[in-house]
Amino acid sequence: INAEYGGKPEDVMPGIKGAKHSLPSTPLGGMVNKTGGKVRLTFKLAEDSLWIGTKARTEKVNMSSIRTVVSEVIEDNPEYHILGIQLGPTELSMYWIYWVPAQYVDAVKDAILGKWQPFF
């Protein structure tokens, strides 16, 4: 997997190893997808949607349709993670995002998977 994501993007957000921050009020940007395209994640919590923005398009995904979220530390840069968001029924539908700042990984998982969401 390591060969796929290339070098650290110049505009990547600073990563903090071992920290746990809540989601910022602004989109998470400066990350890249498996083809090297820039990726921005915007969380619309009130609408239960995640917007995955690239230069070409913005995909609006209902968070309840996301099957799972996985992450893996980037070994040479442990302040960043690789994040996989499963958008469909099988692992083939995993959308990989590279250079996710470590301090936001748990907050991203919680927002998408609903760990801390209130039940109505």
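Let me begin with the order of elements: read along the sequence, this chain follows the pattern β-β-β-β-β-β-β-α, which amounts to seven strands and one helix. I should say straight away that what you have in front of you is a predicted model, and everything that follows should be heard with that in mind.

As for overall dimensions, the radius of gyration is 14 Å, close to the 14 Å that the globule rule gives for 120 residues, so the chain is as compact as a globular protein of that length. Along its principal axes, the C-alpha trace spans about 45 × 30 × 25 Å. Of the 120 residues, 41% count as buried, and the chain exposes about 7,100 Å², with carbon and sulfur atoms supplying 53% of that area. If we take the contacts with a separation of 6 or more, 44% of them are accounted for by residues 24 or more positions apart.

Now to the interior. The largest nonpolar core has 22 residues, and the members that touch the most others are Leu28, Leu41, Phe43, Leu50, Leu83, Ile97 and Ile112. Which elements each supply at least two residues of this core? They are the strands S1 (28-33), S2 (38-44), S3 (49-53), S6 (80-86) and S7 (94-101), together with helix H1 (105-113). The largest share, four residues, comes from H1.

Leu50 gives us a view from inside this core: leaving aside its neighbours within four places in sequence, Leu50 is in contact with Leu41, Thr42, Phe43, Glu59, Lys60, Val61, Met63, Ile66, Ile85 and Ile112. There is also a second, separate core of seven residues, and among its members are Val12, Val32, Tyr80 and Ile82.

Tyr80 brings me to the aromatic rings, where the count comes to one aromatic pair. Tyr80 and Trp99 form that pair, which is edge-to-face, with 5.5 Å from centre to centre and 70 degrees between the planes. The pair links distant parts of the chain, since Tyr80 lies in strand S6 and Trp99 in strand S7, 19 residues apart. Are these two residues buried or exposed? Both Tyr80 and Trp99 are buried.

Finally, I would like you to look at another tryptophan, Trp51, and at the lysines placed over its ring. The charged end of Lys44 sits over the ring of Trp51, 4.5 Å from its centre, and Lys60 lies over the face of Trp51 as well, at 4.2 Å from the ring centre. Lys60, you may recall, is also one of the residues in contact with Leu50.

Definitions and conventions. Residues are numbered from 1 along each chain as its sequence is written. This is a predicted model: local features need pLDDT of at least 70, side-chain atom pairs count only at pLDDT 80 or more; totals for chains, interfaces and linings use all residues. Side-chain values use heavy atoms; hydrogens and water are left out. A nonpolar core is a set of buried Ala, Val, Leu, Ile, Met, Phe, Trp, Tyr and Cys residues joined through side-chain atoms within 4.5 Å. Buried means under 20% relative accessible area, exposed over 50%, partly exposed in between (1.4 Å probe, protein chains only). Contact means heavy atoms within 4.5 Å. Rings of Phe, Tyr and Trp (its six-membered ring) pair if their centres lie within 6.5 Å; planes under 30 degrees apart count as stacked, over 60 as edge-to-face and the rest as tilted. A charge sits over a ring if NZ of Lys or CZ of Arg is within 6 Å of the ring centre and within 35 degrees of the ring normal. The radius of gyration is taken over C-alpha atoms; the globule rule is 2.2 Å times the number of residues to the power 0.38. Accessible areas come from the Shrake-Rupley method with a 1.4 Å probe; for residues, only the protein chains shown count as cover.
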